[in-house]
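Got the viewer open? Load the model, switch on side chains, and follow along one selection at a time.

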Amino acid sequence: MDIVIDSLVRQFQTNRDLVGLPQDEAFEAFAGFCVLSSFYESDFTPDVFRMGGGNDLGIDVFGSTYSA
């Protein structure tokens, strides 16, 4: 991983209390947060939207802008 991206992911893990995640899962949460934060105005837990793992068809993060 690029040194700049690695630094951003580590800082993200610390700020979001995700230090226990392996690097690949932390990157998924970070990338998802970067995209989803432009749609969510309030604070949210990025790890909740992470799909990662086997049989996920390559989808790492899922979010919706639907609100009832």
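**Stop 1: D6.** Select D6 to begin. This is a predicted model, and here D6 has a relative accessible area of 17%, under the 20% cut-off, so D6 counts as buried. The residue belongs to helix α1. Show what surrounds D6, skip the neighbours within four places in sequence, and you are left with contacts to M1 and Q23.

**Stop 2: zoom out.** Colour by secondary structure for a moment. The protein chain has two helices and zero strands. Of its 68 residues, 26% are buried. Now think about contacts between residues at least 6 apart in sequence: 31% of them join residues at least 24 apart.

**Stop 3: along α1.** Select residues 3-15, which make up helix α1. Put a distance between the first and last C-alpha of α1 and you should get 18 Å, close to the 18 Å expected for its 13 residues at 1.5 Å a residue. At the start of the helix, have a look at D2: one of its side-chain oxygens comes to within 2.8 Å of the backbone nitrogen of V4.

Which residues of α1 are buried? Select D6, V9, F12 and Q13. Look down the axis and you'll see that these buried residues span an arc of only 125°, so they sit on the same side of α1. The spacing rule behind such a pattern is a familiar one: with 3.6 residues a turn, an α-helix points residues three or four places apart the same way. Spin to the other side of α1 and you meet I3, V4, T14 and N15, which are exposed. And what covers the buried residues? Part of the answer is α2.

**Stop 4: the rings.** Keep F12 selected and add F30 and F33. Ring pairs join these three into a cluster, and the structure holds two aromatic pairs. Take F12 and F30: their ring centres are 5.5 Å apart with planes at 70°, over the 60° cut-off, so this pair is edge-to-face. F12 sits in helix α1 and F30 in helix α2 (residues 23-36), so the pair ties together parts 18 residues apart in sequence. Both of these residues, F12 and F30, are buried.

Now swap to F12 and F33. Here the ring centres are 5.4 Å apart and the planes stand at 45°, so the pair is tilted. Again distant parts of the chain are linked, with F12 in helix α1 and F33 in helix α2, 21 residues apart. F12 and F33 are both buried.

**Stop 5: the core around the rings.** Select V9, F12, L18, L21, A26, A29, F30, F33, L36, F44 and F49, and show them as spheres: these 11 residues form the largest nonpolar core. The elements giving two or more residues to this core are α1 and α2. Which helix gives the most? That would be α2, with five residues.

Pick L18 out of the core next. Leaving out residues up to four places away in sequence, L18 touches F12, Q13, A29, P46 and D47. So you can step from L18 straight back to F12 of the ring cluster.

**Stop 6: the loop between the helices.** Select D17, which lies in the loop between α1 and α2. Check the backbone torsions: just after α1, D17 has a positive phi of about 55°. That's worth a pause, because most residues other than glycine have a negative phi. Is D17 buried or exposed? D17 has 67% relative accessibility, over the 50% cut-off, so it counts as exposed.

Move along to L21, also placed in the loop between α1 and α2. L21, at 15% relative accessibility, counts as buried, and L21 is one of the residues of the largest nonpolar core. What does L21 touch, once residues up to four places away in sequence are set aside? Light up Q13, A26, D47 and R50. For a last distance, join the C-alpha atoms of L21 and D47: these residues are 26 apart along the chain, and the two atoms are separated by 9.6 Å.

**Last view.** Leave L18, L21 and D47 on screen together. D47 is among the residues that L18 touches, and D47 is among those that L21 touches too.

Definitions and conventions:
Residues are numbered from 1 along each chain as its sequence is written. This is a predicted model: local features need pLDDT of at least 70, side-chain atom pairs count only at pLDDT 80 or more; totals for chains, interfaces and linings use all residues. Side-chain values use heavy atoms; hydrogens and water are left out. Rings of Phe, Tyr and Trp (its six-membered ring) pair if their centres lie within 6.5 Å; planes under 30 degrees apart count as stacked, over 60 as edge-to-face and the rest as tilted. Helices (H or I, at least four residues) and strands (E, at least two) are DSSP runs, numbered from the N terminus. Buried means under 20% relative accessible area, exposed over 50%, partly exposed in between (1.4 Å probe, protein chains only). The expected span of a helix is 1.5 Å times one less than its number of residues. The arc is that of the directions from the helix axis to the C-beta atoms. Contact means heavy atoms within 4.5 Å. A polar contact is a pair of N or O atoms within 3.5 Å; within protein, one must be able to donate a hydrogen and the other to accept it, and residues adjacent in sequence count only if both atoms are side-chain atoms. A nonpolar core is a set of buried Ala, Val, Leu, Ile, Met, Phe, Trp, Tyr and Cys residues joined through side-chain atoms within 4.5 Å.
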